[in-house]
Amino acid sequence: TSSGSSPEASIFLRTGGTTGNPRFVRHTWATMATAVKGLQVVLGEEPICSWCCLPVWHVGGLMQIVRAVETGGDIVFGDYRDLAEPKADVNLSDRVISLVPTQLHRLLSSNLAVARLRESRLILLGGGPLREDLMGRARKDELPLAPTYGLTETAGAVTLLAPERFLSGDDGVGSALPHAELRLGEETKTLSIRGQSLCLGYDDCDFPSCAWFPTADLAEQDPNGTWRILGRTDRVVNTGGEKVNPAEVEVVIRATGLVDDCLVLGLPDPEWGERLVA
């Protein structure tokens with residue numbers, strides 16, 4: 001951060017997206033506090049207390065600290081594996097916990113972890129796609145899961161699917177939170193985001209005021225306003241002139257029940273340009 005205690009002091013967060021090329025996103029306390037206010041509108045005005053098991057140098061971990069400061073809450077730090085450890089002193093009652101899908105997948109194999117998660121106020125889930133089988137297991141275990149979508153550039157979540165809607169069978173990542181606007185490109189079907197929680201730029205460039213931030217995420221929105229993330233344009237494979245979203249093929253393969261998991265990608269091919277390989 002820059003010197004001084006001004007709310008406009010620059011706070012740089014490292015992001016690599018899916019490209020593996022790291023950049024530093026420039027936030028301020030004000031942009032991050034805006035994201036907290038938007039979340040609090042949905043969760044209620046009481047303090048947001050967290051049980052943090054995400055690294056604080058990533059946006060998912062740092063925002064839990066910002067939420068505690070801004071709302072008068074507190075925060076407990078731990079390792080997500082502690083949830084499955086009988087000797088660990090873990091109490092999630094009235095606390096919000098943030099997880100990524102890989103962590104949730106591993107914790108669902110522990111009855112103790114599931115019981116502890118069930119006691120939480122809310123489980124914010126982001127950082128990657130949520131598979132159908134994982135959603136089904138979480139619903140069966142009656143976990144208060146709230147799937148979200150967001151980026152380092154937006155100070156975390158800009159959408160949220162309320163737990164009651166998740167448990168009733170709704171999918172997707174919910175509707176836009178009050179501090180954010182989302183729109184789809186007419187031709188590209190990629191998502192763009194605008195809002196006061198959007199970062200001011202990167203370490204090497206500034207964003208124009210009130211600009212839309214274009215993402216590489218393919219998405220759709222149903223008539224009720226619920227967003228679904230369909231994959232990324234940088235994963236699309238052009239095979240014989242046909243553009244194929246590997247994420248859609250992966251869903252079909254998993255649905256056969258013949259595999260535990262799969263990855264679909266394009267490899268160079270002299271005839272097709274790229275060929276799909278699972």
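# Strands, hairpins and internal spaces in a predicted model

Strand 18, which covers residues 265–269, pairs with strand 19, which covers residues 273–277, in the antiparallel sense and over five bridges. The structure described here is a predicted model, and the points below move from this pair of strands to two sheets, then to a cavity and a pocket, and finally to individual cysteines and a histidine.

**The pair formed by strands 18 and 19**

- Strand 18 and strand 19 form a hairpin, and three residues lie between the two strands.
- One bridge in this hairpin can be followed residue by residue, since L267 has R275 in strand 19 as its bridge partner.

**The sheet with strands 10, 11, 14 and 15**

- This open sheet is formed by four strands in the order 10-11-14-15, and the pairing is antiparallel.
- Its edge strands, each of which pairs on one side only, are strand 10 (180–184) and strand 15 (227–232).
- Neighbouring strands of this sheet are turned against each other by 50° on average, with direction ignored.
- Strand 10 is joined to strand 11 (residues 190–195) by five bridges, and the two strands run antiparallel; within this pair, the bridge partner of A180 is G195 in strand 11.
- Strand 10 and strand 11 also form a hairpin, which has five residues between the strands, and in its turn K189 has a positive phi of about 60°.
- Strand 11 pairs with strand 14 in the antiparallel sense over three bridges, and here T190 has L218 in strand 14 as its bridge partner.
- Strand 14 (residues 213–221) is joined to strand 15 by five bridges, and these strands run antiparallel; an example is E220, whose bridge partner in strand 15 is R228.
- For a reader following the side chains along such strands, it helps to know that in a regular strand they alternate between the two faces of the sheet.

**The sheet with strands 1, 2, 12 and 13**

- A further open sheet is formed by four strands in the order 1-2-12-13, with antiparallel pairing.
- Strand 1 (11–15) and strand 13 (205–206) are the edge strands of this sheet, and each of them pairs on one side only.
- Strand 1 pairs with strand 2 (residues 23–27) in the antiparallel sense over five bridges, and the bridge partner of I11 is H27 in strand 2.

**A cavity and a pocket**

- Rolling a probe the size of a water molecule over the atoms shows where empty space is left.
- The count comes to one cavity of 30 Å³ or more, and the largest cavity has a volume of about 60 Å³.
- The lining of the largest cavity consists of A35, L39, M63, R67, L124, T148, A155, G156, A157, L177 and H179.
- Helix 1 (29–43), helix 2 (59–71) and strand 8 (156–160) each contribute at least two residues to the lining of the largest cavity.
- Sorted by class, the lining of the largest cavity has seven nonpolar, three polar and one charged residues.
- The second largest pocket holds about 250 Å³ of space, and of the 13 residues that line it, the closest to its centre are G195, Q196, L198, S209 and C210.
- The lining of the second largest pocket divides into seven nonpolar, four polar and two charged residues.
- G195 therefore appears in two parts of this briefing, as the bridge partner of A180 in strand 11 and among the residues closest to the centre of the second largest pocket.**Cysteines without a disulfide**

- A search of the whole structure finds zero disulfides.
- The closest cysteine sulfur to that of C53 belongs to C52 and is 6.6 Å away, which is too far for a bond, because a disulfide needs the two sulfur atoms to be within 2.5 Å.
- C199 is in no disulfide either, and the nearest cysteine sulfur, that of C205, is 8.5 Å away.
- C53 counts as buried, because its relative accessible area is 10%, and buried means under 20%.
- C199 is likewise buried, with a relative accessible area of 3%.

**The histidine H58**

- H58 is found in the loop between strand 3 (50–52) and helix 2.
- H58 is partly exposed, because its relative accessible area is 42%, and this class lies between the limits of 20% and 50%.
- H58 and E46 are twelve residues apart along the chain, and their C-alpha atoms are separated by 25 Å.

How values were computed: Residues are numbered from 1 along each chain as its sequence is written. This is a predicted model: local features need pLDDT of at least 70, side-chain atom pairs count only at pLDDT 80 or more; totals for chains, interfaces and linings use all residues. Side-chain values use heavy atoms; hydrogens and water are left out. Two strands pair if DSSP finds at least two bridges between them. Axes are lines fitted to C-alpha atoms, for helices over the stretch in contact, and angles run from 0 to 180 degrees between N-to-C directions. On a 1 Å grid over the protein atoms alone, a cavity is a set of points where a 1.4 Å probe fits but cannot get out, and a pocket is an open set with protein on both sides within 12 Å along at least five of seven lines; lining residues have an atom within 4 Å of a point. Grid points are joined across faces, edges and corners, and a volume is the space filled by probe spheres set on the points. Ala, Val, Leu, Ile, Met, Phe, Trp, Tyr, Cys and Pro count as nonpolar, Asp, Glu, Lys and Arg as charged, and the others, Gly among them, as polar. Buried means under 20% relative accessible area, exposed over 50%, partly exposed in between (1.4 Å probe, protein chains only).
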